[in-house]
Amino acid sequence: MDKRRVVITGMGTINPIGYNIEETWESVKNGVCGIGEITQIDTEQFKIKIAAEVKNYEPEKFLDKKETKKKDRYTQFATIAAREAIKDSGIKIEEEDPYKCGTIISSGIGGLKTIENEHARGEERGFEKISPFFIPMSISNMAAGEIAIETGFKGICTSIVTACASGTNAIGEAFHRVRDGYEDVMMCGGAEGCICNLGLGGFTVMKALYAGNDPKRASIPFDAERGGFVMGEGAGVLVLEELEHAKKRGAKIYGEVVGYGATCDAHHITAPDPEGEGAAQCMRLAVKDAGLEPEDIDYINAHGTSTHLNDAGETKAIRKAFGEHADKLMVSSTKSMTGHLLGASGAVESIITTLALRDSYVPATIGYKTPDPECDLDIVPNEGRNVDIKYAASNSLGFGGHNATLVFAKYEG
């Protein structure tokens, strides 16, 4: 049986460089840095003063008051992105079999702000006086559940939690479900919103975060002076659809998902394998799944977190997976603009990669100054490129050793 083709017919996002797809893509092309001083919490007690927040976020501009009270910040972001994606796709559930429409929306951490706030309330007032919405607001599957309820999608509804690979795994598993005939339409992606005392403190004591105060030198993937990642927040949601189903209803098509790979380093709870073998095998599997050769890939949107171990290890992994072709690959990290959106990062980066293919434009790694011999790939420094690309990959690597890679194709009919 031939594998079904899977296309992208809708996309939505809210993130540190844009409230929607159009704003985000313009920011990427203009090399906008979304990093600045933290506004959500008082950072006096913290070494870390900067993050990549959704700028001037006022939930009432997107959601009604009841929703804002009953949804954690990460679910708010997921809902905003999903509404944009479903509207963009033109899908009308009354014209579909709802059991052939599914939802996989992931989060690496879930409702951490709600957990923090309700614990403080419980300490103050007693734990039988916390919000009755505490549990549904805090659990990591609720963004998927809320979106399924709103859209009427009755197929699979789940949330894959693989730390910073969560959004990429969500899209990959959704892709396979459509390709293999379980669903015709899948809403998929990731959301995160945990810039709070617990989140900031937790990553700080791990020494994972950039501790300086210069936003333009904060998230600098592959630069020799990199010193940690910058926490970000937001959401990205894609609508995947079987090609003939999309053509039958006259849907616009952004691009095609053609390959997916997933592996585990089985090495360490937080550190990636410094030799990059697990990530290399993940990329090999994704390229093979797409029915391609390594030489077919033109561009990789790297995980590129701006930590020493990640960027050096990912460089080794790319060289292992692509051999001599690695010298011809363009490999940029858009986390240089967005910061690290944790479980949402892979979803937002998948959107950016899809638009890169559509518009024949390869995004830059901004803020780059000091070359690192350990990161010796063509990282598209500081200036994006107008160049025709046919196939592109997007990598995500998560705590626990999770590796996930997607391969996208320019849609050519």
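## Helices H10 and H11

A crossing of two helices is called right-handed if the near helix is turned clockwise from the far one by less than a right angle, and left-handed if the turn is anticlockwise. In this predicted model, the crossing of H10 and H11 is right-handed. H10 covers residues 277–289 and H11 covers residues 308–322; their axes come within 8 Å and cross at roughly 45 degrees. That angle makes H10 and H11 oblique to each other.

Who touches whom here? On the H10 side you'll find Glu-277, Ala-279, Ala-280, Met-283, Arg-284 and Val-287, and they meet Ala-317, Ile-318, Lys-320, Ala-321 and Phe-322 of H11. Sorted by type, the residues of this contact come out as eight nonpolar, three charged and no polar.

## Helices H7 and H13

Next up is the packing of H7 (residues 166–179) with H13 (residues 345–359), where the axes are 5 Å apart and the angle is about 60 degrees. H7 and H13 are therefore oblique to each other.

H7 brings Gly-167, Thr-168 and Ile-171 to the contact, while H13 brings Gly-346, Ala-347 and Ser-350. The split for H7 with H13 is four polar, two nonpolar and no charged. Glycine goes in with the polar residues in this count.

## Aromatic pairs

How many aromatic pairs does a search of the whole structure find? It turns up six. One of them joins Tyr-19 and Phe-62, with 5.6 Å centre to centre and 40 degrees between the planes, so the pair counts as tilted rather than stacked (under 30 degrees) or edge-to-face (over 60). Tyr-19 sits in the loop between strand E1 (6–14) and helix H1 (21–29), and Phe-62 in the loop between strand E3 (50–51) and helix H2 (65–70). The two are 43 residues apart, so this pair links distant parts of the chain.

Are these two rings buried or exposed? Somewhere in between: Tyr-19 is partly exposed at 27% relative accessibility, and Phe-62 is partly exposed too, with a relative accessible area of 28%.

Then there's Trp-25 with Tyr-361, an edge-to-face pair at 5.9 Å centre to centre and 85 degrees between the planes. Trp-25 belongs to helix H1 and Tyr-361 to strand E11 (residues 361–362), so the pair ties together parts that are 336 residues apart in sequence. Trp-25 counts as buried because its relative accessibility is 5%, and Tyr-361, at 9%, is buried as well.

## An aromatic cluster

Back to Tyr-19 and Phe-62: ring pairs link them with Tyr-57 and Phe-77 into a cluster.

Key. Residues numbered from 1 in each chain as written. Predicted model: local features only at pLDDT ≥ 70, side-chain atom pairs only at ≥ 80, totals over all residues. Heavy atoms only, no water. Phe/Tyr/Trp six-rings, centres within 6.5 Å; stacked < 30°, edge-to-face > 60°. Helix = DSSP H or I, 4+ residues; strand = E, 2+ residues; numbered from the N terminus. Buried < 20%, exposed > 50% of the residue type's maximum accessible area, 1.4 Å probe, protein only. Axes fitted to C-alpha atoms, helices over the stretch in contact; angles between N-to-C directions. Parallel < 35°, antiparallel > 145°, perpendicular 65-115°, else oblique. Contact = heavy atoms within 4.5 Å.
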